[in-house]
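Student: I would like to learn how to read a protein model feature by feature. Could you take me through one slowly, giving the general idea and then the case at hand?

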Amino acid sequence: MLKGKRAVVTGSNSGIGHGIALELAKAGAEVIINSFTDRDEDHAMAAQMSAETGATVRYIAADMSKGEDCRALIEKAGGCDILVNNAGIQHVAPVEDFPVEKWNAIIAINLSSAFHTSAAALPGMKAKGWGRIVNIASAHGLTASPFKSAYVSAKHGVVGLTKTIALEEAGKGITCNAICPGYVLTPLVENQIPDTMKQYNMDRETVIRQVLLDRQPSKQFVTVEELGGTTVFLCSDAAAQITGTTISVDGGWTAM
Ligand code: NAD
């Protein structure tokens, strides 16, 4: 279905980004995997995905906290037809204690990178008259939680950027949408569990049930395969008129 399309997925050597890259490769797209790490295993991951799917898969290192790296990623890829802005980090603290460097890093990686990659990718998409930008926002792009000020601000910003790009590109064959996942059990969420266990004096299973999935009515984690499938759908012809919107994949969280 996506044969002949080149997809760049930022932050895709792990978690959701990796799941999305895999589903795009399975759908026939050429895929660029990215992270800032540039380790042998990152390149090996691309080779393995290529062997598994038959698609061309490359790894390109770029640090999404740096605007020039974001733009260079698109240039090194040779432009892209599909851009998935997924790279993201998290830090949890009350506003008055929130470390300034963490605030700056979260805004840079979770929000500003999507501005830079989109700016770099759009001219090529316009020239072809076809493009798909899929921003991985969050349920926290639509609603807030305490102690996540930078993350919630960045994700609300991503939703605003999504709407703006959609309006600027409407009618040109280019769509821009945001997927808003609920909790997915990736390293980003795993890393929050030990501190939460200490904070609430709970065991792992209780933290998962009573804290993480408290607001997710399905009481089930979203999977990376489901998010990959949603991304592939947004790249399909059936989604040509879906633009400037958010798609919640959150087990009912934002229905409450
Ligand atoms: P993860 O930690 O598994 O993956 C994060 C990815 O971002 C990794 O590939 C990492 O290499 C990359 N990354 C981090 N800093 C980077 C940098 N400076 N430059 C380049 N790449 C960088 O986390 P995840 O849960 O898969 O998160 C992916 C996205 O999904 C994030 O934007 C996150 O906010 C969002 N999200 C996650 C959840 C969840 O429950 N896991 C829910 C909603 C939204």
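**Reading the model**

Tutor: Let us begin with the largest cavity, whose lining is made up of N85, N86, A87, I109, N110, S113, A114, N135, I136 and V158. A cavity is, on a 1 Å grid over the protein atoms alone, a set of points where a 1.4 Å probe fits but cannot get out, and lining residues have an atom within 4 Å of a point. The model is predicted, so local features need pLDDT of at least 70 and side-chain atom pairs count only at pLDDT 80 or more, while totals for chains, interfaces and linings use all residues. Residues are numbered from 1 along each chain as its sequence is written, and side-chain values use heavy atoms, with hydrogens and water left out.

Student: Which elements give two or more residues to the lining of the largest cavity?

Tutor: They are helix 4 (100-128) and strand 5, and helix 4 provides the largest share, 4 residues. Helices (H or I, at least four residues) and strands (E, at least two) are DSSP runs, numbered from the N terminus. The volume of this cavity, meaning the space filled by probe spheres set on grid points that are joined across faces, edges and corners, is about 60 Å³.

Student: How many residues of strand 6 are buried?

Tutor: Buried means under 20% relative accessible area, exposed over 50%, and partly exposed in between (1.4 Å probe, protein chains only). In strand 6 (residues 174-181), 8 of the 8 residues are buried, so the strand is largely enclosed by the rest of the structure. In a regular strand the side chains alternate between the two faces of the sheet. Here I174, C176, A178 and C180 are buried on one side, and T175, N177, I179 and P181 are buried on the other.

Student: Which strands pair with strand 6, and in what sense?

Tutor: Two strands pair if DSSP finds at least two bridges between them. Strand 5 (residues 131-136) pairs with strand 6 in the parallel sense over 6 bridges, and G131 stands opposite I174. Strand 7 (residues 246-249) also runs parallel to strand 6, joined by 4 bridges, with C180 opposite S248.

Student: What do strand 5, helix 5 and strand 6 make together?

Tutor: With helix 5 (residues 149-169), the two strands make a right-handed β-α-β unit. A crossover is right-handed if, with the strands pointing away from the viewer, the path from the first strand over the helix to the second runs clockwise.

Student: How many residues does the largest nonpolar core have?

Tutor: In soluble globular proteins, nonpolar side chains tend to be buried together. A nonpolar core is a set of buried Ala, Val, Leu, Ile, Met, Phe, Trp, Tyr and Cys residues joined through side-chain atoms within 4.5 Å. The largest one here has 33 residues, and those with the most contacts inside it are L24, V31, I33, V57, I82 and V84. Its largest share, 6 residues, comes from helix 1.

Student: Where do F147 and N201 lie, and are they buried or exposed?

Tutor: F147 is in the loop between strand 5 and helix 5, and at 41% relative accessibility F147 counts as partly exposed. N201 lies in the loop between helix 7 (193-200) and helix 8 (204-211), and at 70% relative accessibility N201 counts as exposed. F147 has a positive phi of about 75° although it is not a glycine, and phi of N201, also a residue other than glycine, is positive and near 55°.

Definitions and conventions. On a 1 Å grid over the protein atoms alone, a cavity is a set of points where a 1.4 Å probe fits but cannot get out, and a pocket is an open set with protein on both sides within 12 Å along at least five of seven lines; lining residues have an atom within 4 Å of a point.
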